[in-house]
Amino acid sequence: MTSSSTFTSTIERADHPNRAAIRACDLVKTYGHGATAVRTLDGVSVDIRAAELIAIMGPSGSGKSTLMHVLAGLDDVDCGTVTLGHTEITGLGEKARTLLRRSRIGFVFQAFNLLPTLTAAENIALPLTLAGRRPDPAWLNTLVDTLGLGDRLDHRPSQPSGGPQQRVPAPRAPVTRPEVVFADEPTGNLDSRHGQALLAFLRDAAHNLGQTIVIVTHDPAAAAYADRALFLADGRLVDDLAHPTTADILTQMARLDTTTEGH
């Protein structure tokens, strides 16, 4: 494990020459001022390559959610840069970032965020509808079939159970073909069976549909679906596990908990 704040995770392998989808360099984010200031990101640098599923983990207060918000253009930083493709998003104004998120970034949140008056099909297509575009039928069918929602497209949110409700936002995120999809505790409201189905979909979207997926989770079983697990502690990126198992993740989390308790 590396404890330096300059630890850099570079998700680049010779057998998979895809470009980096998103790149962060020396991110610093502080909340508060003076004696009450808390540095939630402390020099984080990371490259995330295209077409992989990445899990961000760490103890409570480690900065994992802040990192996701910064990478997704939802929050500013004190210093450092985030580059999506060839666009430095940390240099954009709020309006430009909003347009960028709408067209190039997708989100799967723990809350369902479904409009009750729309059918599942209409909720899935909502990002395109707001942009005045129509979904590509073939791509939409691929997403729907992958997640097993074909028989529920005419249902409204009040009709399906919790599992299907949470699966509806999953294809909604990549329906616009964004460069990166961010998922914040995507299995938090699901039982184990539906959680596994959603994680399998996200992994399939990365490996077979070419979608870059970044999830923030506290669940070792969920993170074990990832190609790589990134660990934060005290705002620093401290480790990077390739092809992690649940046992690997539990061991690392135990180490981080011990280190945190020692502060």
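## A parallel pair at the sheet's edge

Let's start with one pairing: Ile 105 has Val 180 in E8 as its bridge partner. That link belongs to a set of 4 bridges between E7 and strand E8 (residues 180-184), and the two strands run parallel. Bear in mind that this is a predicted model.

## The whole sheet

Zooming out, E7 and E8 sit in an open sheet of 6 strands, ordered E7-E8-E9-E4-E10-E11, with mixed pairing. Strand E7 (105-108) and strand E11 (236-242) are the edge strands, each pairing on one side only. From one strand to the next, the twist averages 20°.

## Helices on the sheet

Helix H1 (residues 64-71) packs on the sheet, where it touches strand E4 (53-57), E8, strand E9 (212-216) and strand E10 (228-233). The direction of H1 makes about 150° with that of E8.

Then there's helix H2 (residues 94-104), which lies across E7 and E8 and runs at about 75° to E7.

## Helix H5, end to end

Helix H5 (residues 137-147) has a handful of buried residues: Trp 139, Leu 140, Leu 143, Val 144 and Leu 147. Looking down the axis of H5, you'd find these buried residues within an arc of 130°, so they line one face of the helix. Turned away from that buried side is a face carrying the exposed residues Pro 137, Ala 138 and Asp 145.

The two ends have their own details. At the start of H5, Asp 136 reaches a side-chain oxygen to within 3.1 Å of the backbone nitrogen of Ala 138. Just after H5 comes Gly 148, with a positive phi of about 70°.

Key. Residues numbered from 1 in each chain as written. Predicted model: local features only at pLDDT ≥ 70, side-chain atom pairs only at ≥ 80, totals over all residues. Heavy atoms only, no water. Pairing = 2+ DSSP bridges. Axes fitted to C-alpha atoms, helices over the stretch in contact; angles between N-to-C directions. Contact = heavy atoms within 4.5 Å. Buried < 20%, exposed > 50% of the residue type's maximum accessible area, 1.4 Å probe, protein only. Arc of directions from axis to C-beta. Polar contact = N/O pair within 3.5 Å; in protein donor to acceptor, adjacent residues only side chain to side chain.
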